[in-house]
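Biologist: Got a minute to go through this structure with me? I'd like to talk about charged pairs, then pockets.

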Amino acid sequence: MATHAGYGGAVKVGSVAVAEVKDFSLETTANTADTTVLGGSGWTDVDVTTKSWTASLNCIWDDDDAGQQDLVEGLTVTLNLYPRGDSAGNELWSGSALVTSVSKTVSAEGLIEASISVTGKGAMAETDIT
């Protein structure tokens, strides 16, 4: 099993790079429906119905960065997540996403940070960059 360091990762909105990204996360979920019936084993049974995904990223806030400016709550964007960088042969996680929240944190002893959350609209494609 191979492991990979995350420092080479990147985020883009469409083809526009998002600057100053500290970290990002991606969660995919299999939604389920209870299919337990009378006369069964006494254990709950479930089946997968649909799938969904969410992502979040944390950045050092840069009000001049076009990528961060594209991540406005309420907008739908094409989000491209590159866990090992955007070079050929590396993975790309990509999908249409609704920006659901943007929060900024200000600290006297730190830089202003922005946290952005999105919810997928349709499938999250997992491909290799060609």
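Biologist: Let's start with D86: is it buried, partly exposed or exposed?

Modeller: Keep in mind that this is a predicted model. D86 counts as partly exposed, at 38% relative accessibility.

Biologist: And what does the D86 side chain meet in a salt bridge?

Modeller: The side chain of K12, with 2.8 Å from N to O. The two sit in distant parts of the chain, 74 residues apart. K12 belongs to strand β1, residues 10–13, while D86 is in the loop between β5 (76–82) and β6.

Biologist: K12, then: buried or exposed?

Modeller: K12 is buried, because its relative accessible area of 17% falls under the 20% cut-off. Its partner D86 is partly exposed at 38%.

Biologist: How many salt bridges does the structure hold?

Modeller: Three. Another one joins K22 and E113, where the closest N and O atoms are 2.9 Å apart.

Biologist: Where do K22 and E113 sit in the chain?

Modeller: K22 is in strand β3, which covers residues 21–34, and E113 is in strand β7. That pair also links distant parts of the chain, with the two positions 91 residues apart. K22 is partly exposed at 46% relative accessibility, and E113 is partly exposed too, at 29%.

Biologist: What about E91, which side chain does it meet?

Modeller: E91 meets R84 in a salt bridge, at 3.0 Å from N to O. E91 has 25% relative accessibility and counts as partly exposed. R84 is partly exposed as well, with a relative accessible area of 29%.

Biologist: Why can side chains like these pair at all?

Modeller: In general, side chains of opposite charge can pair when their charged atoms come close.

Biologist: OK, switching topic. How much space lies in the largest pocket?

Modeller: About 150 Å³.

Biologist: Which residues lie nearest its centre?

Modeller: W61, Q68, Q69, L71 and K104. The whole lining is 13 residues.

Biologist: Which elements give two or more residues to that lining?

Modeller: Those are α1 (66–69), β6 (91–105) and β7 (113–120).

Biologist: And what's the lining like by class?

Modeller: Six residues are nonpolar, two are polar and five are charged.

Biologist: Remind me, which salt bridge has a partner in β7?

Modeller: That's the one between K22 and E113, with E113 in β7. Strand β7 is also among the elements that give two or more residues to the pocket lining.

Technical notes: Residues numbered from 1 in each chain as written. Predicted model: local features only at pLDDT ≥ 70, side-chain atom pairs only at ≥ 80, totals over all residues. Heavy atoms only, no water. 1 Å grid on protein atoms, 1.4 Å probe; cavity = no way out; pocket = protein on both sides within 12 Å on 5 of 7 lines; lining within 4 Å. Points joined across faces, edges and corners; volume = space filled by probe spheres on them. Helix = DSSP H or I, 4+ residues; strand = E, 2+ residues; numbered from the N terminus. Nonpolar A, V, L, I, M, F, W, Y, C, P; charged D, E, K, R; others polar. Salt bridge = Lys/Arg side-chain N within 4 Å of Asp/Glu carboxyl O. Buried < 20%, exposed > 50% of the residue type's maximum accessible area, 1.4 Å probe, protein only.
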